[in-house]
Amino acid sequence: MTAILLRMKETFKQPYTFILILCLLLGFGPATYAQSKDSIPASQVPVTVRQFDPEQVEELRSDKDFQYFEEVKPDKTFLEKVWNKFTRWLSKVFYSTKSGPVWEYLIYAFIVAGIIFIIVKLLRMDMTNLFSRKSIESEMAYEVYEENIHEMDIRSLIEEAIGQRDFRKAIRLHYLQSLKNLTDHGFILWKPGKTNRSYINEIKAPELRREFEQLTSMFEYVWYGGAALGDELFTSARAEFILFDKQIKQYA
Amino acid sequence: MEEEVLITAQENKTDYSNLRQATNRIKAELRQVIVGQETLIELLLVAMLAEGHVLIEGVPGIAKTLTAKLLARTVQVDFSRIQFTPDLMPSDVLGTSVFHPGTITFDYKRGPIFANIVLIDEINRAPAKTQASLFEVMEEQHVTHDGKVYQLASPFVVLATQNPIEQEGTYRLPEAQLDRFMFKVLVEYPSLEEEIAILELQHNGEKLKRDLDCVQPVLSADELIALREAVQQVHLDKKLLEYIAQIVGETRTNKSLYLGASPRASIALLNSSKAFAALRGRGFVTPEDVQELAPVVLRHRILLTPEREMEGLTADDVIKQIIQKIEVPR
């Protein structure tokens with residue numbers, strides 16, 4: 001401020017400058033002259049006062065866009081208060097200096113477990129079989145089969161087949177009888193999915209195995225090969241089976 | 001006693017000793033060059049006799065291509081080899097029309113697929129477009145080009161090799177094409193004894209015989225066709241037909257499987273079981289034949305559910321479970 005005053009003082013000290021400023025002020029003087037009130041002509045157009053449409057005003061008032069007042073949230077409900085207290089207690093317990101980082105790790109573990117649970121649920125995975133194969137196998141449980149050699153009355157069925165001169169069927173039943181005997185005496189473990197060769201390999205006694213191998217070949221030719229058997233051949237084959245069944249008892 | 005029964009059983013049946021002799025001659029020729037790989041050779045012969053195509057999968061360097069190439073050489077038929085590459089086009093396989101300015105006509109130039117035995121090396125190196133070109137020819141044995149049908153000569157066998165899918169730069173074969181292969185044979189590394197035998201040959205200066213000339217044709221095309229006809233005569237009991245249908249049907253309802261095998265798989269199992277029995281000199285099929293071939297026939301035709309796949313289960317595991325579950329017909 002002082003600097004400005006000093007500059008003005010110096011300016012007015014110079015006469016030419018002072019005259020120039022004076023001329024400028026006097027020169028612009030007429031331009032700033034204002035017109036008097038009488039010089040303005042009065043308007044002849046009648047003034048009509050427009051009224052606001054009350055319905056529109058009401059509509060605008062009720063419009064959400066023009067509601068400028070913020071809704072004040074009501075006080076917290078009882079449940080919210082309880083929840084807040086609970087979370088505060090949790091944070092106090094987990095983050096207390098005494099408890100150490102163990103709780104922190106536990107939280108992470110819970111989060112990870114939660115994510116895994118969600119993924120498992122989304123993929124519809126069956127986690128029961130994750131750590132063991134046994135449970136998968138148990139799912140493939142054996143079905144109920146039409147025939148069970150341990151429940152069949154094979155001897156009477158053989159007699160029935162012979163009576164009908166169905167020698168192929170009789171040979172088949174004799175073979176099943178031999179399999180049953182081998183199972184009963186612990187030479188083989190009966191399972192529906194096993195093949196004849198599997199049973200041959202299971203028999204440890206070499207003599208018995210050789211005999212059973214021959215009988216198996218005969219059975220396969222008759223049963224799977226569709227071979228027809230005459231009386232003589234059947235009698236001879238039957239004798240082989242009966243002899244084998246006796247051998248099983250001897251080896252047992 | 002047993003002999004008598006056998007004679008009766010073999011009455012009015014085809015004699016399969018010729019077939020065994022022929023296949024033994026082929027095996028002997030192959031053994032001049034190939035050490036081991038007995039299962040692969042046997043399955044290739046079964047497929048040839050059962051009019052099926054074979055997909056051979058294994059890591060590089062285990063004589064997949066060599067075995068297939070040599071097998072083709074043992075039969076006196078047209079042979080062609082196609083190396084599948086990422087830029088191979090269907091016309092490179094099937095053939096294309098070539099314009100002749102002199103006659104102002106387009107002539108069909110047959111592709112390498114027109115042969116009796118076709119070796120497709122590294123089939124999974126080509127994209128789906130080229131692989132799809134094989135659909136018609138593999139199933140129907142003819143090529144349709146410009147509205148004309150071109151029949152292929154019999155026998156027609158496709159032997160394809162591929163590296164496992166995990167290998168870089170390979171494409172997974174479409175299910176429709178996989179289904180057209182009778183067998184998918186997984187070739188393993190040679191056993192320790194076999195590897196030693198290979199090394200001994202190399203070390204003794206005998207060098208592995210890579211010269212194809214040492215393998216001579218032992219079977220003509222007509223003979224092969226006659227053997228195929230003999231295979232068709234192999235007896236298959238109705239109980240075994242049901243057994244095959246049960247095995248394949250179980251793949252469609254099994255909880256561990258997302259995709260089951262098609263009826264084409266049942267037919268493949270039926271025909272291959274007959275050929276397998278004949279190869280062993282038998283005129284009838286046993287459940288054992290079916291069980292032994294079920295994995296090679298079914299493994300590429302089924303898809304595991306993602307859960308089972310994540311558990312580390314394989315297609316072979318599920319097939320084994322299915323076989324164990326279904327009662328052997330007796």
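Partly exposed here means a relative accessible area between the buried limit, under 20%, and the exposed limit, over 50%. Arg197(A), at 26%, is therefore partly exposed. The model in every view is predicted.

**View 1. A salt bridge crosses from chain A to chain B.** Arg197(A) pairs with Glu288(B). Their closest N and O atoms are 3.5 Å apart. Arg197(A) sits in helix α9 (residues 196–202) of chain A. Glu288(B) belongs to helix α13 (residues 287–298) of chain B. The two ends are covered to different classes: Arg197(A) is partly exposed at 26%, while Glu288(B) is buried at 13%. Over all chains, the structure holds 25 salt bridges.

**View 2. Arg299(B) and Asp316(B) meet in a salt bridge.** The N to O distance is 3.0 Å. The pair links distant parts of the chain, 17 residues apart. Arg299(B) lies in the loop between α13 and β13 (303–304) of chain B. Asp316(B) lies in helix α15 (residues 315–325) of chain B. Arg299(B) has a relative accessible area of 15%, so it counts as buried. Asp316(B), at 28%, is partly exposed. Chain B also has a salt-bridge network: shared partners join Glu139(B), Asp179(B), Arg264(B) and Arg301(B).

**View 3. Arg31(B) and Glu38(B) form a salt bridge.** The closest N and O atoms are 3.1 Å apart. Is each partner buried or partly exposed? Arg31(B) is partly exposed, with a relative accessible area of 43%. Glu38(B) is partly exposed too, with 38%.

**View 4. A nonpolar patch lies on the surface of chain A.** Six residues form the patch: Tyr105(A), Tyr108(A), Ile111(A), Ile115(A), Ile119(A) and Leu123(A). Together they offer about 640 Å² of accessible area. Leu123(A) is found in helix α5 (residues 102–123) of chain A. Its relative accessibility is 46%, so Leu123(A) counts as partly exposed. A general point helps in reading the spacing. An α-helix has 3.6 residues a turn, so residues three or four places apart point the same way.

**View 5. Helix α4 of chain B is largely enclosed by the rest of the structure.** The helix spans residues 64–74. Nine of its eleven residues are buried, which is why it counts as largely enclosed. Among the buried residues are Leu66(B), Leu70(B) and Leu71(B). Ala68(B) and Ala72(B) are buried as well. So is the lysine of the list, Lys64(B). The threonines Thr65(B), Thr67(B) and Thr74(B) complete the buried list.

**View 6. Five strands of chain B make an open sheet.** The order is β3-β6-β9-β1-β10, with parallel pairing. Which strands form the edges? They are β3 (79–83) and β10 (183–186), and each pairs on one side only. From one strand to the next, the twist averages 15 degrees. Strand β1 (residues 54–57) pairs with β10(B) in the parallel sense over four bridges. Glu57(B) has Leu186(B) in β10(B) as its bridge partner.

**View 7. Strands β4 and β5 of chain B form a hairpin.** Strand β4 covers residues 95–100, and strand β5 covers residues 105–110. The two run antiparallel and are joined by six bridges. His100(B) stands opposite Thr105(B) in β5(B). Four residues lie between the strands. In this hairpin, Ile104(B) takes a positive phi near 50 degrees.

**View 8. Thr305(B) is buried in a loop of chain B.** The loop runs between β13 and α14 (306–310) of chain B. Thr305(B) counts as buried because its relative accessibility is 10%. What does Thr305(B) contact, leaving aside its neighbours within four places in sequence? The partners are Lys255(B), Ser256(B), Leu257(B) and Tyr258(B).

**View 9. Chain B as a whole sets the context for the close-ups.** Chain B has 15 helices and 13 strands. Of its 330 residues, 53% count as buried. Among contacts in chain B with a separation of 6 or more, 76% come from residues 24 or more positions apart. Chain B exposes about 15000 Å². Carbon and sulfur atoms supply 51% of that area.

Definitions and conventions:
Residues numbered from 1 in each chain as written. Chains lettered and ligands numbered in written order. Predicted model: local features only at pLDDT ≥ 70, side-chain atom pairs only at ≥ 80, totals over all residues. Heavy atoms only, no water. Buried < 20%, exposed > 50% of the residue type's maximum accessible area, 1.4 Å probe, protein only. Contact = heavy atoms within 4.5 Å. Areas by Shrake-Rupley, 256 points an atom, 1.4 Å probe, with all protein chains shown as cover. Patch = residues over 30% accessible without salt bridge, like charges linked within 9 Å, V, L, I, M, F, W, Y side chains within 5 Å. Salt bridge = Lys/Arg side-chain N within 4 Å of Asp/Glu carboxyl O. Pairing = 2+ DSSP bridges. Axes fitted to C-alpha atoms, helices over the stretch in contact; angles between N-to-C directions.
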